[in-house]
Amino acid sequence: MSRVVAEDKVGTYACSVISVRPLNGIIFEIELQSLKGEHLSYKSGQYLALELDVNNDGQVHSLFYTIASRFNLEQPNSLQLIIQKNSEFSSKVIDRLMEALQNQEPVNIALPMGKAFLQTDLRFPHVLIAAGSGISKIKSIAEEILTQRPDANVRIYWSNRKIDDFFMLSRFHEWSEFHQNLHFTPILESADKKWCGRTGYIYEVIKEDLLDLSDAQTYLCGSPQMVYGTMDELRSEGLKQENCYSDVFEFAPKERKIAV
């Protein structure tokens, strides 16, 4: 089933780096604010291009990051990114953003981008699935769902390979405590003596919950292998391809369809 989604007009904005805040040893939350007070309009689940001279050599890189915050009319000129410092290159990105903060140096962003934004009927159950840093997209979508419909039926599954890759767990747990219809399940891929939560692949844990996914509006964020593999595994639980949304469908399309 094909979807026809209106293309958003992408604009370029000069922004100040307001903060670079560590969430743990390798995860950083970046707050940007438009210099001219322009609205940084986007839909929850979309991403942007950060234009950055990473190596200080005059060569600007276009770096794509999911916008980790929902669009807020009370603060329409600001947004947040979550960046993982897990390589030499990503370390340079964080360093350059810290320099921009200290030197009050503007950075350019282009947005909005992506078709896998929140666009579904919130009267239906929603399943939000993330691996690793894909939680940025899921966080933004969840915030928007809870703002529009606090009693929505939402299940969030987030998988990581290492315990240290989790962050903001208290926020997700607070949501699940405050909203009786929201369930949050963090998952570690392999057992660890320091981990008291659930373990295994995401699809295995979802299957253990015995959900009927025939009407579930499902957003998936992770590698193509994770997204397509999870979808294939959850066919037996009623998951339908036309109810699935992921950026993977755009940058790594797959011809084979899930049977309905």
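1. Let's start with a pairing: strand S3 (residues 47–52) and strand S6 (residues 107–113) run antiparallel and share four bridges. Tyr47 sits opposite Met113 in S6, and Glu51 has Asn108 as its bridge partner in S6. For the terms, two strands count as paired if DSSP finds at least two bridges between them. Strands (E, at least two residues) and helices (H or I, at least four) are DSSP runs, numbered from the N terminus.

2. Before going on, a word on the source: this is a predicted model, where local features need pLDDT of at least 70, side-chain atom pairs count only at pLDDT 80 or more, and totals for chains, interfaces and linings use all residues. Residues are numbered from 1 along each chain as its sequence is written, and side-chain values use heavy atoms, with hydrogens and water left out.

3. How confident is the predictor? The chain has a mean pLDDT (the predictor's confidence in each residue, from 0 to 100) of 93, and 95% of its residues reach 70 or more. Take care with residues 256–260, though: pLDDT stays under 50 there, and the model gives this stretch 11 contacts (heavy atoms within 4.5 Å) beyond four places in sequence.

4. Back to S3 and S6, which have other partners too. S3 pairs with strand S4 (residues 61–66), antiparallel, over six bridges; Leu50 has Leu63 as its bridge partner in S4. S6 is joined by five bridges to strand S1 (residues 11–22), again antiparallel, with Thr12 opposite Ala110. Six of the seven residues of S6 are buried (under 20% relative accessible area, 1.4 Å probe, protein chains only; exposed is over 50%, partly exposed in between), so S6 is largely enclosed by the rest of the structure.

5. Now for a parallel sheet. It is open, has six strands and follows the order S10-S9-S8-S7-S11-S12. Strand S10 (198–199) and strand S12 (244–245) are at the edges with a single partner strand each, so one side of each has no neighbour in the sheet. S12 pairs with strand S11 (residues 217–221) in the parallel sense over two bridges, and Tyr219 stands opposite Tyr245 in S12.

6. Which strands does helix H2 touch? Helix H2 (residues 135–148) packs on the sheet against strand S7 (126–131), strand S8 (154–160), strand S9 (182–188) and S11, at about 155 degrees to S7. Helix H3 (residues 169–178) lies across S8 and S9, at about 145 degrees to S9. Axes here are lines fitted to C-alpha atoms, for helices over the stretch in contact, and angles run from 0 to 180 degrees between N-to-C directions.

7. Tyr201 is in the loop between S10 and helix H4 (202–208). Tyr201 is partly exposed, at 48% relative accessible area.

8. Last, the lining of the largest pocket. Which element gives the most to it? That is H5, with five residues. Elements giving two or more residues include S4, H2, S8, H4, S11 and helix H5 (224–233).
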